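Please look through the sequence and the structure shown below before reading on. The paragraphs after it offer a guided reading.

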Amino acid sequence: MKLIVGLGNPGKQYEKTRHNIGFEVIDELSKKWSIPLDQAKHKGIYGSGSVNGERVLLLKPLTYMNLSGESISAVMNFFKLENDDLVILYDDLDLPPGRIRLRQKGSAGGHNGIKSTIAHLGTQEFNRIRIGIGRPEGRIPVTDYVLGRFTEEEWTKIEPIIEKSAHACEAWLKSPFLQVMNEYNQS
C-alpha cells in the first residue's frame with residue numbers, strides 16, 4: 001500500500017492558496033483515479049482505491065499545516081506503513097512557480113508541515129515532492145504570501161505543475177522513488 005499526502009490547511013478561506021498546493025494535487029489524483037476522499041479519521045480526510053494493481057491511500061491532513069505530522073503518523077501507524085510507502089506533496093518557497101523537486105530525505109527547510117512530520121515520524125527519511133511557489137516580491141511577509149491566492153498569471157504555471165506532480169505520483173506506483181526522482185528532477 002502507498003500513502004500519498006498533500007499538505008495544506010482546511011477551510012474555504014485557504015482554498016487555492018499557495019500553501020495548499022499539496023491539497024490541489026490530492027484533488028487532482030482523486031479525480032484522475034476515481035478515489036473519493038470520503039473517510040474522515042486520523043485527523044484527516046482520505047480515500048483508498050486501487051491504481052495499476054497497487055492499493056493507494058490519498059490523505060489531506062485536517063490539522064492545519066503546523067500539525068500535519070499528527071495525521072500522517074496516525075494513518076501510517078493504523079495501516080502499518082513504512083516510510084518507503086509514503087510521499088508528501090507540499091509548497092516550496094525556494095523553487096520558482098512551475099518547478100518540482102523530488103527528494104528522499106532532508107531537513108524541513110523552514111516548512112512547518114514538514115517539521116511536524118519529521119517530529120512525528122522521528123526521521124527525515126521519507127519521500128517528498130516539493131512544488132515551487134516562488135518567494136514574495138518586495139516586502140510582503142512570507143505568511144501573507146503563502147496564505148495568499150495565486151494570481152491568474154501564476155495559475156497558468158501552477159496548473160501544469162499540479163498535473164506533473166500527479167504524474168510523478170503515478171510513476172512512483174510503478175517504479176522505485178529514486179528512479180522517479182532522477183526522471184522528474186531532470187525536467
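The text below first follows one strand and its partners, and then turns to backbone angles in the loops.

The model is a predicted one. A suitable starting point is strand E4, which covers residues 54–61. Of the 8 residues of E4, 6 are buried, so the strand is largely enclosed by the rest of the structure. Strand E1, residues 2–6, pairs with E4 in the parallel sense over 4 bridges. Within this pairing, Val5 is found opposite Leu59 in E4.

Strand E3, residues 44–51, also pairs with E4, here in the antiparallel sense and over 8 bridges. In E4, Pro61 has Gly44 standing opposite. E3 and E4 together form a hairpin, with 2 residues between the strands. One residue in that turn, Asn52, has a positive phi of about 50°.

The sign of this angle deserves attention, because most residues other than glycine have a negative phi. Another positive value belongs to Tyr64, whose phi is about 75° although Tyr64 is not a glycine. Tyr64 lies in the loop that runs between strand E4 and helix H2, residues 68–79. With a relative accessible area of 43%, Tyr64 is partly exposed.

Ser34 is likewise a residue other than glycine with a positive phi, near 55°. Its place is the loop between helix H1 (21–33) and strand E2 (39–41). Is Ser34 buried or exposed? Ser34 is exposed, because its relative accessible area of 62% lies over the 50% cut-off.

Notes:
Residues numbered from 1 in each chain as written. Predicted model: local features only at pLDDT ≥ 70, side-chain atom pairs only at ≥ 80, totals over all residues. Heavy atoms only, no water. Buried < 20%, exposed > 50% of the residue type's maximum accessible area, 1.4 Å probe, protein only. Pairing = 2+ DSSP bridges.
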